[in-house]
Amino acid sequence: MERNGLIDIGSNTIRLVIFEFEKNTGLNEIQNIKTPARLSQYLTEKQQMTEEGIGTLIEALHSFKKVADNFNVSRLYPIATAAIRQSNNSQEIIKRVKKEVGLDIEIIPEKDEAFYGSYAVTHTTSVQDGITVDIGGGSTELTYFNEKNIKEAISFPFGVVTLKEKFFKNKEHNDKDAMKEMEKFLKEAFTKVNWLENKQIKLIGIGGSARNCARIHQSLYHYPIAGVHGYTMTKKDLKGVLNVLKKSDRDDLNNLDGLSRDRADIILPAVTVFNVLFEIMDAEAFTFSRKGIREGFIMNQIAKNYPKEFRKNHVLEDALRHLANEYKIEPTGAKQRVKLTKSLLDQLMDQQKVDIDEKLKVLFIQAAYLYYLGEFIDSDSSSQHTYYIIANSSINGLTHKDRVRLALLASFKNKTLLKLYSDETGWFTEDELSDIQTLGGIIKFANAMNISNTNVVDDVELRKEKNGYQLSVFYHGEPIAEEYQSNRQKKHIEKVIKENLTIHFTKS
């Protein structure tokens, strides 16, 4: 296990994030604090950072360094983007920080900033083709990737703070004429980029402004589950958020759920950028990635020592392995459960008793491995804990609907609880819930055939007989508990085959 700290010195905020990396559970954020420094406002017309700005930076770094020391970080990386990158006295700033704080600031070039953000997206989501947008205080980075390979990147010398200063100085935050001028300016800037127009792929928002946009939308519709990583919005949704912001006065913004108070005066330029880009791209959807430049930078540092750790083509597989390890799922028993569920499903599909697509089959196998992981918290309420943990965990590589679907499968106990959990979101049709009940029942039955966790069952064979179906269970050892539990749970298979099931345990 190792801990790395990163101080992200942006144009709008300075943020300390402490990451803990452990090979079995992956990369996890254990501390995240910020201060709204607004460094870009301390740049003079000659692009010099003022003494007041340097003092604000040094004060924040002193404070964050103490926090990092208390967390015993192995390495602390202070990285700087637009505000210091654009300062003509950047080298003086670096020397002052080294002398007064003892930290070596690394200025991230524009292309590297875009690279780290898109690297995080391609390694923590299932999106194959997309354009990332990361709008900070003083710059905006766009990156296009195809089949998870970065193809293009560009940085614009404007961000939320500079757009506010340029168009809304001494004006209301939603001044109509200023809005029109800003939209015109943005369209002219973005239409010059030939790889943006009519891309018809996902636009992926990174950073605090995109996170606030997603949270505002979630709060407007009382979103039923936690987390914004992978949250997806339509063109209508994005316009809806923009319209809410346009119609809100200062007091309304300060009390708007999902919006951080320190972003109330700069959120409108950011959401305008997202809307303009969406229109120019004719985007498929707007998706938020909680993982951006900070995660991309740290992942790259860790990958130097662990080159096989972050696999962009196995995002979901790695995320679920880390989740299973975090909740101490015993791997041998979990693999046995997967083996039996796959065998049962294949035989039921061969006999045309079950018909599901490949995507749902993959989730089914994953749910079999994670089945009842909530036992780690309390065995008496393992179903409830399993559903809550999976449905509300940020799982890389899953859409929010598939995350809930996985939670319903892995927590399956009976039809009553399934309905109770699914009513929380109301996302699933009757046919979808019927499939989940069928597959959840198969997992529950397979779990009964290894209830002692001794892997005594070698194989199962399902055959049609005159008076129903017979399941031959081939075993070694002493399957006393398995024989009892499987007969108790055979009703779940009988619901699938719609006939009686007789179970015969036969020594291998």
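Trainee: Is Phe-158 buried or exposed?

Mentor: Happy to start there, keeping in mind that this is a predicted model. The relative accessibility of Phe-158 is 6%. Buried means under 20%, so Phe-158 counts as buried.

Trainee: Which residue forms an edge-to-face aromatic pair with Phe-158?

Mentor: The structure holds 19 aromatic pairs. In one of them, the ring centres are 5.3 Å apart and the planes meet at 65°. An angle over 60 degrees counts as edge-to-face, and the partner of Phe-158 in this pair is Phe-185.

Trainee: Where does Phe-185 lie, and how many residues apart are the two?

Mentor: Phe-158 sits in the loop between strand S8 (149–156) and helix H5 (160–167). Its partner Phe-185 belongs to helix H6 (residues 176–191). The pair therefore links distant parts of the chain, and Phe-185 has a relative accessible area of 26%, so this residue is partly exposed. As for the separation, the two are 27 residues apart.

Trainee: Why is strand S7 described as largely enclosed by the rest of the structure?

Mentor: Strand S7 covers residues 140–146. S7 runs antiparallel to S6, with 6 bridges, and antiparallel to S8, with 7 bridges. The description as largely enclosed follows because the buried residues of S7 number 6 of the 7.

Trainee: Which residue in the turn between S7 and S8 has a positive phi?

Mentor: S7 and S8 form a hairpin with 2 residues between them. Beside this turn, Asn-146 stands opposite Asn-149 in S8. The turn residue with a positive phi, about 50°, is Glu-147.

Key
Residues numbered from 1 in each chain as written. Predicted model: local features only at pLDDT ≥ 70, side-chain atom pairs only at ≥ 80, totals over all residues. Heavy atoms only, no water. Phe/Tyr/Trp six-rings, centres within 6.5 Å; stacked < 30°, edge-to-face > 60°. Helix = DSSP H or I, 4+ residues; strand = E, 2+ residues; numbered from the N terminus. Buried < 20%, exposed > 50% of the residue type's maximum accessible area, 1.4 Å probe, protein only. Pairing = 2+ DSSP bridges.
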